[in-house]
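The following exercises invite the reader to examine a molecular structure step by step. Each task is followed by a worked solution.

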Amino acid sequence: MQEITRILHALPIDPLTGSISTPVYQTATFVQDAPGEHKGFDYARSGNPTRQVLENLIARLEHGRRGLAFASGLAAIDCVLKLLEAGDEIVAVDDIYGGSFRLFTHVYEKFGVKVHYVDTTDAHNILDALSSRTRLVWLETPTNPTLKISDIEEISRFAHAAGALVVVDNTFASPALQRPLELGADIVIHSATKYLAGHSDVIAGLLAVKDEELGARLKFIQNASGGILGPWDSWLTIRGIETLPLRVEAHSRNALAVARALAEHDAVAEVFYPGLPTHKNHAIATRQQRGLGGGVVSFTLKADTEQAARAFATSTQLFKLAESLGGVKSLLCHPATMTHKSIPREKRLAAGVRDSLVRLSCGIEGAADLVDDVRLGLEAVSKVESHVFALS
Ligand SMILES: *Cc1c(COP(=O)(O)O)cnc(C)c1O
């Protein structure tokens, strides 16, 4: 069965009314027949029927056994970190999402959790960092904003040999392109805020695991800590997921067209896109992501200044300047002054996030319109350049 058919028909018809749309159970508690005798739900932090539909759906999408839904991607990440004890270590991808870095560094380090950052684009690099205290190997692939690709299958082999679990933040690829659990990973994380919900209208996080016992431990932490997703936001996320494969195909098609147009343009220095054959790990991405590059493209300008990037970011009409990604409408972001502002400049440059780097989240608009819009932005860059030249 094709993925889109599987998703649409994985959603249950409401057994009480036949409603084809999942009902929103806006309730805090459930009336019991006698003490302890109920219909499977006792209190809505522990379980809510609308949230449960979403939790079962993400488990199916990722080919796992258990799914869990949280108030944000970071709440899902926080739940995974609570598996750890003082003295435990994490080996993490060096180009990690800034919010994960902040949580590791400013919250969990003080509880005695140590994190080693490694360039995971070569799987062998993790071997030196693994120790008997390593509990988790933490990957993102593709990464944000330089779209680095790591080999989940090979890294999972190395991690498991060292007794560590593999966590993959699958936000950028989404299960429409990549299913880490099938490649050996143990836990998949999503900021469902991005491609899964897909319309830039909800903040949500999801986990999926294939091991029942691990799933039960995470479920225990979810209930104990309480960072659950509410029923309305669960419904919105379900509604988004119904069209995920269609959207991700359109996002990827558009991003490839935009990446090619960027690569051909004189003002552009470097294009970061896993779907281009020039990408360092294009072969791994093609194998791991079902031949598609996803919807995010980043690039740097030959005039490698913040001013040049600003000229681009304030000249496009369709790409709107905003944080976030993965929505139906195109967005752009200047990491150096937005998402990566809190990272010291030297460290940021070392990670490849140059002053002129721009990240594009290609929406599902027409590809030709997005290419025209990018050219409009690049024209503005050329004007800044000639202006600077005239002054000097
Ligand atoms: C946005 C994002 C997160 C955090 O998710 P929120 O829903 O904003 O809490 C985590 N990981 C990645 C890769 C993201 O892009």
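The exercises below treat the ligand site, two sheets, buried helix residues and some backbone features.

This is a predicted model, in which local features need pLDDT of at least 70 and side-chain atom pairs count only at pLDDT 80 or more, while totals for chains, interfaces and linings use all residues. Residues are numbered from 1 along each chain as its sequence is written, and side-chain values use heavy atoms, with hydrogens and water left out.

**Exercise 1. The ligand site**

Task: Describe where the ligand sits and which residues surround the ligand.

Solution.

Step 1. The ligand sits in the largest pocket. A pocket is found on a 1 Å grid over the protein atoms alone, as an open set of points where a 1.4 Å probe fits, with protein on both sides within 12 Å along at least five of seven lines. A molecule counts as sitting in a pocket if more than half of its atoms lie within 2 Å of its grid points.

Step 2. The ligand is surrounded by 13 residues, and the closest are Gly73, Asp169, Ser191, Thr193 and Lys194. A residue belongs to such surroundings if one of its heavy atoms lies within 4 Å of the molecule.

Step 3. Helix H3 (residues 73–81) gives the largest share of this shell, with three residues. Helices are DSSP runs (H or I, at least four residues) and strands likewise (E, at least two), numbered from the N terminus.

Step 4. Now list polar contacts, which are pairs of N or O atoms within 3.5 Å; within protein, one must be able to donate a hydrogen and the other to accept it, and residues adjacent in sequence count only if both atoms are side-chain atoms. A polar side-chain atom of Thr193 is 2.7 Å from a ligand oxygen atom. An N or O atom in the side chain of Lys194 also lies 2.7 Å from an oxygen atom of the ligand. For Leu74, a backbone N or O atom is 3.0 Å from an oxygen atom of the ligand. The ligand taken alone exposes 380 Å², of which the protein buries 92%; these areas come from the Shrake-Rupley method with a 1.4 Å probe.

Step 5. In H3 itself, eight of the nine residues are buried, that is, under 20% relative accessible area (exposed is over 50%, partly exposed in between; 1.4 Å probe, protein chains only). Among the buried residues are Gly73, Asp78 and Cys79.

**Exercise 2. Strand S9 and its sheet**

Task: Place strand S9 in its sheet and state which strands it pairs with.

Solution.

Step 1. Five strands form an open sheet of mixed pairing, in the order S8-S9-S12-S11-S10. S8 and strand S10 (320–321) are the edge strands, each pairing on one side only. Two strands pair if DSSP finds at least two bridges between them.

Step 2. S9 runs antiparallel to strand S8 (residues 268–272), and four bridges join the two. Phe299 is the bridge partner of Val271, and Thr300 stands opposite Glu270.

Step 3. Four bridges also join S9 to strand S12 (residues 358–361), again in the antiparallel sense. Here Val297 is partnered by Leu360.

Step 4. Six of the six residues of S9 (residues 296–301) are buried. Val296, Ser298 and Thr300 lie on one side, with Val297, Phe299 and Leu301 on the other.

**Exercise 3. Strand S2**

Task: Determine in which sense S2 pairs with strand S3.

Solution. Five bridges link S2 and strand S3 (residues 114–118), and the sense is parallel. Glu89 stands opposite Lys114. Five of the five residues of S2 (residues 89–93) are buried.

**Exercise 4. A buried arginine**

Task: Is Arg51 buried or exposed, and which backbone oxygen does its side chain reach?

Solution.

Step 1. Arg51 belongs to helix H2 (residues 49–61). Arg51 counts as buried because its relative accessibility is 1%.

Step 2. The side chain of Arg51 reaches the backbone oxygen of Ala44 at 3.1 Å. A polar atom of this side chain also lies 3.1 Å from the backbone oxygen of Arg45.

**Exercise 5. Backbone features in loops**

Task: Locate the cis peptide bonds before Pro142 and Pro145, and the positive phi value of Ser200.

Solution.

Step 1. The bond from Thr141 to Pro142 is cis, with omega near 0°, as is the bond from Asn144 to Pro145. Pro142 is in the loop between strand S4 (134–140) and helix H6 (152–161), and Pro145 is also in the loop between S4 and H6.

Step 2. Ser200, a residue other than glycine, has phi near 50°. Ser200 lies in the loop between strand S6 (187–191) and strand S7 (205–209).

How values were computed:
On a 1 Å grid over the protein atoms alone, a cavity is a set of points where a 1.4 Å probe fits but cannot get out, and a pocket is an open set with protein on both sides within 12 Å along at least five of seven lines; lining residues have an atom within 4 Å of a point.
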